[in-house]
Structures are given as structure tokens and as C-alpha cells.
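Q: I'm new to this structure and would like a close look at a single part. Could you take one salt bridge and walk me through its surroundings?

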Amino acid sequence: MSKLETVGPTSVERMSETDLVVTRVFAAPVASVFRAWTTPDLFKLWWAPQSMGVPILDVQMDLRVGGRYSVTFGHDPAEAMTFFGDYVEVEPNARLVWTNDESGETTITTVTFTPDPAGTRLVLHEAYPSKEALDEACIGMEGSMPEQFLQLDALLTSLDTAA
């Protein structure tokens, strides 16, 4: 369909009326990238785009099939927004699939982690329940997803340097 934006090596592409794919190659081993996606203390460091100025207050991950996750954003815990769902597939260092249930219409997110000569090729695929749901999700996503992945890249570099 149409490419929304490419910033550096991050590609955000609308593949159909209901499918969005974000791709990036990280100069880090698969295990490190997977750990950054599945360790709450690390996830908190990169998931929220810094330019939005809304911090992550809490991350919970019960990383198993049928386990729940939640990510809570906001400045004031009393007025925070929480994204949540269930893990559908968990293949360590290979694949994560989860539901996004907060809107009442379930979106399915699949993230694959594949070895690449440069490190790890990560592909995030979001399958929305309708064109309208994807249209709404795409507002602001052109800049936020590349920014998130730049933040993840910086975290991975700092973890590699620390190791």
C-alpha cells in the first residue's frame, strides 16, 4: 500500500487497509533485542517517545502464553492511561504475539526477531480489526515508531557498552 515514513533505518509501512508493518535492523544480537522487549525495567526506558513527554509509570509482563501485560503512561497515576492485553505466542529470541485490548476492538501485534548480518532484523506487524482502527492508530505513528526504535537502538548500544 503506502509507506508512511522512513527515518533512518526504520520503515513504517501500511500494507493493507488493516495491516501496518514497522521494520528495523538493530546492531545488536537477537537475545539483547528480545530482552529489551521482554524486561519491564528495560522496556520502560525506550517504549514511550521522549518527544511526547509522557512517561511510563508502570510495566507489567507475565511473559507466557495466556499471560497478561500492561503498560501505564501519564504524569499523574490517578489520570494515567493503561494499554493491556494477553500474550498469544512467546518464542524466546524469535517471536512475540499479543493482543491490544484497551480499545474494545482487539488488535494483534506480532514481533519477530531474526538474525541479520548487521545484528537483528525486527519486524513489528499490527493487524487492526478495521480500516478505521488503523486510520486512528496511524495518527502520529509516522514519527513515534521511528523515535521509539531510535530510543531502543540507543538503549541497546548502552547495554552493549556496559557489557
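A: Let's go straight to Lys-131 and Asp-135, which form a salt bridge with their closest N and O atoms 2.8 Å apart. A salt bridge here is a side-chain nitrogen of Lys or Arg within 4 Å of a carboxyl oxygen of Asp or Glu. Before going on, note that this is a predicted model: local features need pLDDT of at least 70, side-chain atom pairs count only at pLDDT 80 or more, and totals for chains, interfaces and linings use all residues. Residues are numbered from 1 along each chain as its sequence is written, and side-chain values use heavy atoms, with hydrogens and water left out.

Both partners, Lys-131 and Asp-135, sit in helix H3, four residues apart, or about one turn of the helix. Helices (H or I, at least four residues) and strands (E, at least two) are DSSP runs, numbered from the N terminus. Lys-131 is partly exposed, at 35% relative accessible area, and Asp-135 is partly exposed too, at 28%. Arg-14 comes in as well: salt bridges that share partners tie Arg-14, Lys-131 and Asp-135 into one network. As for the wording, buried means under 20% relative accessible area, exposed over 50%, and partly exposed in between (1.4 Å probe, protein chains only).

Helix H3 covers residues 131–138 and also holds Glu-136. With a relative accessible area of 61%, Glu-136 is exposed. Glu-136 joins Glu-17, Glu-105 and Glu-132 in a negative surface patch. Patches are made of residues with over 30% relative accessible area and no salt bridge; like charges are joined within 9 Å, and nonpolar side chains (Val, Leu, Ile, Met, Phe, Trp, Tyr) within 5 Å. For the charges, Lys and Arg count as positive and Asp and Glu as negative, while His and the chain ends are not counted. Each charge is placed at NZ of Lys, CZ of Arg, CG of Asp or CD of Glu. The areas come from the Shrake-Rupley method with a 1.4 Å probe, and for residues only the protein chains shown count as cover.

To put our pair in context, the structure holds seven salt bridges. Another one of them links the side chains of Arg-95 and Glu-89, at 2.8 Å from N to O. Arg-95 is partly exposed at 26% relative accessibility, and Glu-89 is partly exposed at 28%. Asp-62 and Arg-64 make a salt bridge as well, with their closest N and O atoms 3.0 Å apart.
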